[in-house]
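This briefing describes one protein chain, its confidence values, its fold elements and its interior. Please view the sequence and the model together.

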Amino acid sequence: MEAKKQGVEPLGKVSVAEETSRDFPARAEVLSEVRRMVEQCAAQTGLSKMQTEDLLTAVDEAAANAIRHGSPKNDPTAQLRIVCQHTAQWLEVRVRDFGAGFAVPEVPTMPAPDAMGGRGLPLMVALADSVAIASTPTGTTVTLVKRVTA
């Protein structure tokens, strides 16, 4: 795991954000390790337990989607990159895969109750304070942010 600090300017004040990144094998069995990494970063912020749980669920969805849909098929070396950047006031988690990318919907909508999938993006939007998705033919990055609220 790699940690570094960089300057960020939230609301006109300079604050030092800490960053931690780690690559994981793109396999479902690493989801608990991803969760543990994000929990450790969240513990260094002012996020409440409920805010942390919401973000963890959103990250779990993003990581599961990256493994299921964004990892090159049948490639035992496929990787998933998780980057956490935080201050006491917010936590940003970037989930990156190295697959072929996809067409990002403008507004993700929840599928019908009997649908077998399609809930990941709408859940992320509902649980994180902001969600950004950048997808190219060489991979997709989902950026999730949770801010401390009173």
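The points below cover the model, the overall layout, one hairpin and the nonpolar core.

This is a predicted model, in which local features need pLDDT of at least 70 and side-chain atom pairs count only at pLDDT 80 or more, while totals for chains, interfaces and linings use all residues. Residues are numbered from 1 along each chain as its sequence is written, and side-chain values use heavy atoms, with hydrogens and water left out.

**Confidence**
- The mean pLDDT (the predictor's confidence in each residue, from 0 to 100) is 88 for the protein, and 89% of its residues reach 70 or more.
- Among the elements, helix α1 (residues 31-42) has the highest mean pLDDT, 98, and strand β1 (residues 2-8) the lowest, 48.
- Over residues 2-9 the pLDDT is below 50; this stretch has 24 contacts in the model beyond near neighbours in sequence, a contact being heavy atoms within 4.5 Å.

**Layout**
- The protein has 3 helices and 6 strands, taken as DSSP runs numbered from the N terminus (helices: H or I, at least four residues; strands: E, at least two).
- Along the sequence the pattern reads β-β-α-α-β-β-α-β-β.
- Of the contacts between residues at least 6 apart in sequence, 60% join residues at least 24 apart.
- The exposed surface is about 8,500 Å², with 54% of it supplied by carbon and sulfur atoms; areas come from the Shrake-Rupley method with a 1.4 Å probe.
- Buried residues (under 20% relative accessible area, 1.4 Å probe, protein chains only) make up 37% of the 150 residues.

**The β3-β4 hairpin**
- β3 and β4 form a hairpin with 3 residues between them.
- The two strands pair in the antiparallel sense over 6 bridges; pairing requires that DSSP finds at least two bridges.
- Val 83 has Arg 94 in β4 as its bridge partner.
- Because 6 of the 8 residues of β3 are buried, this strand is largely enclosed by the rest of the structure.

**Nonpolar core**
- The largest nonpolar core (buried Ala, Val, Leu, Ile, Met, Phe, Trp, Tyr and Cys residues joined through side-chain atoms within 4.5 Å) has 31 residues.
- Ile 82, Leu 91, Val 93, Val 95 and Leu 144 have the most contacts inside this core.
- Two or more residues come from each of α1, α2 (49-69), β3 (79-86), β4 (90-97), α3 (120-127) and β6 (139-147), and the largest share, 8 residues, comes from α2.
- Leaving aside neighbours within four places in sequence, Leu 91 is in contact with residues including Val 38, Leu 55, Cys 84 and Leu 144.

Key:
Buried means under 20% relative accessible area, exposed over 50%, partly exposed in between (1.4 Å probe, protein chains only).
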